[in-house]
Amino acid sequence: MSMRSLAAALARSGRAAAAGGPRGRAVAGGWRRGRAVVRPLWSGVTAVMPGRNKATCGYGSPELAVGSRPRRGPRQRGGAGPEHNLGDPDIVKSPSDPKQYRYIKLQNGLCALLISDLNYLDGAPTSSEEEEDNDDDSEEGSDEYDDSGAEIEDGKEDDDECDEGDESEDSDEDNEDFSDSDDSELEELAEKEETRKRGCSEKQSAAALCVAVGSFSDPEDLPGLAHFLEHMVFMGSLKYPDENGFDAFLKKHGGGDNASTDCERTVFQFDVQRKYFKEALDRWAQFFIHPLMIRDAIDREVEAVDSEYQLARPSDANRKEMLFGSLARPGHPMKKFFWGNADTLKHEPKLNNIDTYTRLREFWQRHYSAHYMTLVVQSKETLDTLEKWVTEIFSEIPNNGLPKPSFGHLTQPFDTPEFHKLYRVVPIRKVHSLTITWALPPQEQYYRVKPLHYISWLVGHEGKGSVLSFLRKKFWALALYGGNGETGFEQNSTYSIFSISVTLTDEGYKHFYEVAHVVFQYVKMLQRKGPDQRIWEEIQKIEANEFHYQEQTDPVDYVENLCENMQLFQKEDFLTGDQLLFEYKPEIIADALDQLSPQRANLVLLSAANEGQCHLKEKWFGTQYSMEDIDRYWSDLWDSDFELNPDLHLPEENKYIATDFALKVADCPETEYPVKTLSTQQGCLWYRKDDKFKIPKGYVRFHLISPLIQQSAENIVLFDTFVNILSHNLGEPAYEADVAQLEYKLVAGEYGLIIRVKGFNHKLPLLFQLIIDYLSDFSFTPAVFEMITEQLKKTYYNILIKPETLAKDVRLLILEHGRWSMIDKYQTLMKGLSIDALSAFVTAFKSQLFVEGLVQGNFTSREAKDFLNYVVQKLHFAPLAHPCPVQFRVVDLPNTHLLCKVKTLNKGDANSEVTVYYQVTALIKLKECEDSHLGEEVDRNWNEVVTQQYLFDRLAREIEALKSITQADLVNWFQDHRSNQRKVLSVHVIGYGKHEGDSEVTAVSGQNSSSGEIPHLVLLPPSSLMRDFTSIKDIKAYTSTLNVLPYHKILK
């Protein structure tokens, strides 16, 4: 492992958002956007509930007749004797799902879904006794990334590898910035591997419980009480009174927990090593049986809730949501403040003589009742064993016999004059976006038809005839999302939201009414044509293919999703209700479409250019906004029978949908690790045919290496621009492949262009060839150049104003010899690039390359070679004159504790960030973990290729090395790095606030965002508590005095 990889593995952020913020549920079938993404670079803020978004699988099964119901398979058997593991025949599951399921209802009314995965991967029954002795065997992992679009390697520590599965407090917003990923390919892979091993989902058993109560039930005089209760139940129980006992137990045994509060549901989940699952279940269940919730803990936990609120305030997505909720009718719970903070839960209750402790216990007794709880448990146990445990442990949860909260009578909450207006909003980040939103009657009951998914599929389309295709040709828009995110904020028992969010260019911002008109023209076209059965069946088929061959997901995410599904769907649809399209009912789709009229829409225009004309302020998040009537010209036009746009039409039949799912016969000896099957002066190819997972999918990755990129900050910016224009050019032609579950990603790597494609192998070569064709014939217009560079400025700026990404940029600027920082890149771009410079750079880049590739999955050796041959033949490049190393060199830190303290660049952000980095001599991963799906194996092998180390059996060697290490060895190693000779670097990014000596500053928009002022780092002196640290006052001057370590690779 390189020193750079060590830095990625060890330099951990000091700020961790407390678990349990208000959250949202984003399941497949909601928002539709082009994964041929320019999206991560510049998409507009979408209205979603704050918190975690779940990763999900596909939708249907190839065996399903179009429009028919899934066929139920035979009763599943397996595990420690079939009589102990009889699955429930009513529960429909994917043919590729090896797990067994059973549904039970306890006497207290609690409903539970039991999941046994004894048959994982090899299908061999495993007894509980055997598993006790081998509790480190692996189980299941999550898919590794949403492989689509382009990516610049500057921004956050990238956890985007299950795109909808990001667990950040602001995951949707994080996914909006293309450059929000500062990891190199090396760091990204290292981070993913560490994350996987920390969770090590193969070892884990998991459980999740959903209570059918959420923030809608907050009392008017105690905003945030439901969220606060979600925190307080974890503070010890009668049986296990230690306040932090459960967290400590899980941490000791390789697990973790979380909880989250939505509008009408609260979810709790945890995972742990299987060996300790039963005890963990008992400890966890006590929070719902007899939680202590002692008075002394209240003030401490209020601070945790308030901290979450403070972290959420600089989020444009959260701010926009709070503003939207404020537009609801008086008395509707959407107007409530769900987060809670120190004022609403501590200070104001004291002023009003409200006993928060008593009200908290009353809320628990009234709402935490067994008869509207749903539980899911998953483990390598027989179903009989799991049923015994669940019955024994969870039957003690009380049932108060009261009806669960209901809000379905509060209809049409947004049918108000205030809703049907134009709102101009000042954002935190640099962005222009227009969001058009309609509030519809609740749509959850139509989950078998999924009308909003059908509509979002068309509205969010990016191919010929789509809204985005038309707007891109006008240079008005860069990305578009349409649909319903299925968070509690967007879909609940009182309404469902349908939104279309368009990320605008500077020119598009000037023509936002015209942009809205194009959207309305497209919707009107859909209304006139009516639902199209061919398209509905095509969507069903695409999702069907993916569902049939779905790969297993992380147990804790899986059970979390299912416990909510149990609240929404009938038993047979628990696993499929949020995924499959079951019934084609055009009248239901048409009814939803007919409600999307211009007169019923709400328009939100988000832009820093609105600053100075927004004199209203939202109460809780301080969002600056203004409200105005729709311009008379446009309102009159939209009231009339306006003409359709002839350039807007339905998509054509998709040629990328896979139809051949046969597994290929090997044409060369099968190997355990990739082998080099082709090697020339121009490049080489590594190949391994999948013989383990046996699915008709493939992974293709290529690294086009050039020494030009790192020669100057200007070259890096030119390269970023080039990759983003290439992604933009591919947006329309590659979109059909994307929706057919063929995913791609273009990464502007530190030393080259990285191309990653994956999906069903049948049509995957067509997508790869399309990308190479567009690379070979790369061209751009001055208008595209201007549009991309303007958005790149916004992207760089949005990275710099985040404390966590600024901290990382400063840390790597100190550590990496010759690194160009994000500020260097931003300053270079602000000074201006020329079209001629970009053309010259691209020509030079493509003229000399070294290309390395990895092909894995359901391909033959001959087919794998065709990928490299196509690149070489199409690009006509010369080999590199000299080898180009793909790793940075790292400076040798002195034996002391260094401190670099800087001021955040966002004056509206009170949050601070602390990173502590230890420079060490070696690192051995401490967990053995099998791959749960092909993507994990590919990730590990690609890491060897992209670092040019090629030690494909590294994991096996590390495991062997680990066996030889004693406890004394580890203690000595640790003490050596805790001694006075340790090498430590602390980076502090300091937020704004009175406690930092700043005048009072509210959370405002990106200051100077429209003036073009270039930010610069302000280095601060250490505090009195850190006088013994060596303070860095000038980064470049200090690092110039340090020695540089040689390139470092672990090759044996």
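Contact here means heavy atoms within 4.5 Å. The model is predicted, and two helix pairs and one loop residue are described below.

In the pair formed by H14 and H20, the residues that meet are Pro 451, Leu 452, Tyr 454 and Ile 455 from H14, and Ile 588, Ile 589, Ala 592 and Leu 593 from H20. Sorted by class, this contact has eight nonpolar residues and no polar or charged ones. Two packed helices are described by the angle between their axes and the distance between the axes. For H14, which spans residues 451-459, and H20, which spans residues 586-594, the angle is about 65° and the axes lie 9 Å apart. The crossing of H14 and H20 is right-handed.

The second pair is H22, residues 713-730, and H25, residues 782-800; their axes cross at roughly 115° and come within 10 Å. This crossing, too, is right-handed. On the H22 side, the contact is made by Val 717, Asp 720, Thr 721, Asn 724, Ile 725 and His 728. H25 contributes Val 784, Phe 785, Met 787, Ile 788, Thr 789, Leu 792 and Tyr 796. By class, the contact of H22 with H25 holds eight nonpolar, four polar and one charged residue.

Further along the chain, a loop runs between helix H30 (934-946) and helix H31 (954-963), and Gln 948 lies in this loop. Is Gln 948 buried or exposed? Gln 948 counts as buried because its relative accessibility is 18%, and the cut-off for buried is under 20%. The side chain of Gln 948 is joined to the side chain of Glu 852 by a polar contact of 3.2 Å.

Technical notes:
Residues numbered from 1 in each chain as written. Predicted model: local features only at pLDDT ≥ 70, side-chain atom pairs only at ≥ 80, totals over all residues. Heavy atoms only, no water. Axes fitted to C-alpha atoms, helices over the stretch in contact; angles between N-to-C directions. Helix = DSSP H or I, 4+ residues; strand = E, 2+ residues; numbered from the N terminus. Left-handed = near helix turned anticlockwise from the far one by under 90°. Nonpolar A, V, L, I, M, F, W, Y, C, P; charged D, E, K, R; others polar. Buried < 20%, exposed > 50% of the residue type's maximum accessible area, 1.4 Å probe, protein only. Polar contact = N/O pair within 3.5 Å; in protein donor to acceptor, adjacent residues only side chain to side chain.
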